[in-house]
Amino acid sequence: SPRRVRSLLREVVETLGDRRVALCRELTKLHEEVLRGRASEVLAALGDRDPRGEVVLVVEGAAPTGEPSLRAAVEEARGLIEGGMRRRQAATTAARRHGVAANAVYAGLLEPGN
């Protein structure tokens with residue numbers, strides 16, 4: 001709701017941090033407007049006024065956490081193999097989920113003692 005945009009921007013800053021946002025108003029219409037910047041900057045740009053019309057707030061996603069884990073991908077692939085999946089397909093599936101190379105997962109499955 002346009003009446004809640006300022007409070008929502010304050011909540012974004014308090015809860016998620018001062019992420020980048022885009023406040024879009026009247027999309028696909030004659031008076032389309034987009035305010036971009038950090039949540040605090042867009043809040044300051046709004047001042048005391050509430051935007052009019054239909055609004056959409058797009059909030060930047062969270063930063064990736066940590067490095068992709070080859071070990072976790074290999075373990076997941078092993079579980080998929082135990083469930084009946086072929087080795088190459090299991091390596092490819094687990095690699096996609098963990099953001100690592102499928103060949104590395106496959107090689108990890110072939111290592112002795114692993």
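This briefing walks through the cores, a surface patch and a few individual residues of the structure above. Please keep in mind that the model is predicted. The largest nonpolar core has 10 residues, and helix 3, helix 4 and helix 5 each supply at least two of them. A second, separate core has 9 residues. On the outside, Leu 27, Val 56 and Val 58 make a nonpolar surface patch of about 220 Å².

**Nonpolar cores**

- A good place to start is the largest nonpolar core, made up of Ala 73, Val 74, Ala 77, Leu 80, Ala 90, Ala 91, Ala 94, Ala 95, Val 105 and Leu 109.
- At least two residues of this core come from each of helix 3, helix 4 (87-98) and helix 5 (102-110).
- The second core is separate and counts Val 5, Leu 9, Val 12 and Val 21 among its 9 residues.
- As general background, nonpolar side chains in soluble globular proteins tend to be buried together.
- Val 74 is a handy residue to click on: beyond residues up to four places away in sequence, Val 74 touches Val 105, Gly 108 and Leu 109.

**Arg 78 in helix 3**

- Arg 78 sits in helix 3, which spans residues 70-82.
- Arg 78 counts as buried because its relative accessibility is 18%, and the cut-off for buried is under 20%.
- The side chains of Arg 78 and Glu 75 make a polar contact at 2.8 Å.

**The loop between strand 1 and strand 2**

- Both Glu 26 and Leu 27 belong to the loop between strand 1 (20-25) and strand 2 (33-38).
- Glu 26 has 15% relative accessibility and therefore counts as buried.
- With neighbours within four places in sequence set aside, Glu 26 is in contact with His 31, Glu 32, Arg 52, Gly 53 and Glu 54.
- Leu 27, in contrast, has a relative accessible area of 36%, so Leu 27 is partly exposed.
- Leu 27 also takes part in the nonpolar surface patch, together with Val 56 and Val 58.

**The loop between strand 3 and helix 3**

- Gly 61 is found in the loop that runs between strand 3 (55-59) and helix 3.
- Gly 61 is exposed because its relative accessible area is 51%, and exposed means over 50%.
- Gly 61 and Arg 20 are 41 residues apart along the chain, and their C-alpha atoms are separated by 8.8 Å.

Notes: Residues are numbered from 1 along each chain as its sequence is written. This is a predicted model: local features need pLDDT of at least 70, side-chain atom pairs count only at pLDDT 80 or more; totals for chains, interfaces and linings use all residues. Side-chain values use heavy atoms; hydrogens and water are left out. Helices (H or I, at least four residues) and strands (E, at least two) are DSSP runs, numbered from the N terminus. Buried means under 20% relative accessible area, exposed over 50%, partly exposed in between (1.4 Å probe, protein chains only). A polar contact is a pair of N or O atoms within 3.5 Å; within protein, one must be able to donate a hydrogen and the other to accept it, and residues adjacent in sequence count only if both atoms are side-chain atoms. Patches are made of residues with over 30% relative accessible area and no salt bridge: like charges are joined within 9 Å, nonpolar side chains (Val, Leu, Ile, Met, Phe, Trp, Tyr) within 5 Å. Accessible areas come from the Shrake-Rupley method with a 1.4 Å probe; for residues, only the protein chains shown count as cover. A salt bridge is a side-chain nitrogen of Lys or Arg within 4 Å of a carboxyl oxygen of Asp or Glu. A nonpolar core is a set of buried Ala, Val, Leu, Ile, Met, Phe, Trp, Tyr and Cys residues joined through side-chain atoms within 4.5 Å. Contact means heavy atoms within 4.5 Å.
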